[in-house]
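Subject: Structure handover

Hello,

Here is the structure I said I would pass on. Please open it alongside this email, since the notes refer to residue numbers throughout.

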Amino acid sequence: MRIDIVTIFPEFFGVLDVSLVGKARQSGLLDVRVHDLRDYTHDRHRTVDDTPYGGGAGMVMKPEPWGEALDAILAVADQTEPQDPGVSSVVIVPSPAGRPFTQKEARDLATVDHLVFACGRYEGIDQRVMDHAATRPGVEVREISLGDYVLNGGEVAAIAMIEAVGRLVPGMVGNPESLTEESHEDGLLEYPSYTKPSAWRGHEVPAILLGGNHGAIAAWRHDQQVERTRRVRPDLLPDQP
C-alpha cells in the first residue's frame with residue numbers, strides 16, 4: 001500500500017518511523033511519503049492561506065498549492081495498476097465536518113492500493129480542492145472525522161487513521177488472529193485482558209481464565225464484552241434506542 005501525506009508540518013510524521021508502522025515501512029509493506037505543501041507555492045513567502053470569501057474569522061488554505069500537490073501525487077499513482085479498476089486512489093481529508101471514522105472504515109481503506117491524506121489547517125481547505133479531486137477518474141474523496149471535537153489541523157487525525165488502517169494490511173501484525181478479537185470488530189468492545197502473576201496487589205485474575213476450559217473461557221469473554229459495551233458504549237448495542 002502506498003500512502004501520501006500532504007501537510008505544512010512534515011516533521012509531525014516522524015512518529016511513523018517507529019513501532020509496527022516503522023517496521024512495515026522498512027519491509028516495504030507500507031510505502032509512506034510525506035510532502036510539504038509549501039513546496040507547491042510560487043511566492044517568496046510560500047503562502048498557503050488567504051482570507052475567506054464572505055468574511056469570517058480565520059484563514060482558508062488556498063486551492064492552487066493543493067491542486068498542484070494532488071496533481072503530482074495522483075499522476076504518479078495513475079501509472080500503477082490498481083487492484084480495483086474503479087478506484088485507484090482515495091483522498092482522505094481529516095475534518096470535524098466529515099463522517100465518523102470507524103473500524104469498518106479502517107478495514108475498507110486497508111483494501112485500497114493508494115491513500116492520500118490532505119492535512120488541512122486554519123479554517124480548512126478551499127472546498128473546490130475536494131470537488132475537483134472527486135472529478136478525477138479513479139479517485140474517491142472522503143472527508144472523515146476522528147471524533148466530535150476540533151483539532152488544530154489534520155496531522156494528528158491522519159496519524160491515527162494511518163495506524164488503524166496500516167495494522168490491517170496483511171503481514172503488518174504478527175498474529176492475524178489478534179485482529180479479530182479487538183474492540184469494534186464484532187460490534188462490541190474487547191473483553192478485559194490479564195497476564196502473570198495471577199495475584200497482584202490484592203487483585204486476582206478471574207478463576208475461569210486459569211482452568212483451561214476454552215469453551216467456558218470463550219463464553220466468559222463474550223459476556224464480558226457485552227457487559228463492558230453496555231456500561232461504556234450502550235449506543236453500540238442493537239437493542240438500544
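Below are notes on the chain as a whole, then on one helix, two residues, the cavity and the pocket.

Please keep in mind that this is a predicted model.

The chain as a whole

The chain has 241 residues, of which 39% are buried. Its secondary structure consists of six helices and nine strands. Of the contacts between residues at least 6 apart in sequence, 74% link residues at least 24 apart. The accessible surface is about 13,900 Å², and carbon and sulfur atoms account for 52% of that.

Helix α5

Helix α5 covers residues 155-166. With twelve residues at 1.5 Å each, it should span 16 Å, and because its end C-alpha atoms lie 16 Å apart, the expected span and the model agree. The helix is mostly covered, with nine of its twelve residues buried. Those buried are E155, A157, A158, I159, M161, I162, A164, V165 and G166. The cover over them includes strands β1 (2-7), β5, β6 (114-118) and β7 (139-145), together with helix α3 (103-109).

Two residues: D4 and I8

D4 sits in strand β1. Is D4 buried or exposed? The relative accessible area of D4 is 0%, so D4 counts as buried, the cut-off being under 20%. Leaving aside residues up to four places away in sequence, D4 is in contact with R33, H35, I73, H114, L115, V116 and F117.

I8 is in the loop between β1 and α1 (19-27). I8 is also buried, with a relative accessible area of 8%. With residues up to four places away in sequence again left out, the contacts of I8 are D36, L37, R38, V48, M61, R121, Y122 and E155. One of these, E155, is also among the buried residues of α5. V34 is 26 residues from I8 along the chain, and the C-alpha atoms of the two are separated by 10.0 Å.

The cavity

How many cavities of 30 Å³ or more are there? The count is one. The largest cavity holds about 40 Å³ of space. Its lining is made up of W66, L70, V91, V93, A118, I125, V129, M130, A133 and V141. By type, that lining is ten nonpolar residues, with no polar and no charged ones. Helix α2 (63-77), strand β5 (89-100) and helix α4 (127-133) each contribute at least two residues to it. Helix α4 has the largest share, at three residues.

The pocket

The largest pocket has a volume of about 450 Å³. Two or more lining residues come from each of β5, α4 and β7. Which element gives the most to this lining? Strand β5 does, with five residues. The lining has 25 residues in total, and P94, S95, P96, A97 and G124 lie nearest the centre of the pocket. In contrast to the cavity lining, which has no polar and no charged residues, the pocket lining divides into 13 nonpolar, nine polar and three charged residues.

Two elements come up in both places: β5 and α4 each supply at least two residues to the cavity lining, and both also give two or more to the pocket lining.

Regards

Conventions:
Residues numbered from 1 in each chain as written. Predicted model: local features only at pLDDT ≥ 70, side-chain atom pairs only at ≥ 80, totals over all residues. Heavy atoms only, no water. Helix = DSSP H or I, 4+ residues; strand = E, 2+ residues; numbered from the N terminus. Buried < 20%, exposed > 50% of the residue type's maximum accessible area, 1.4 Å probe, protein only. Contact = heavy atoms within 4.5 Å. Areas by Shrake-Rupley, 256 points an atom, 1.4 Å probe, with all protein chains shown as cover. 1 Å grid on protein atoms, 1.4 Å probe; cavity = no way out; pocket = protein on both sides within 12 Å on 5 of 7 lines; lining within 4 Å. Points joined across faces, edges and corners; volume = space filled by probe spheres on them. Nonpolar A, V, L, I, M, F, W, Y, C, P; charged D, E, K, R; others polar. Expected span 1.5 Å × (residues − 1).
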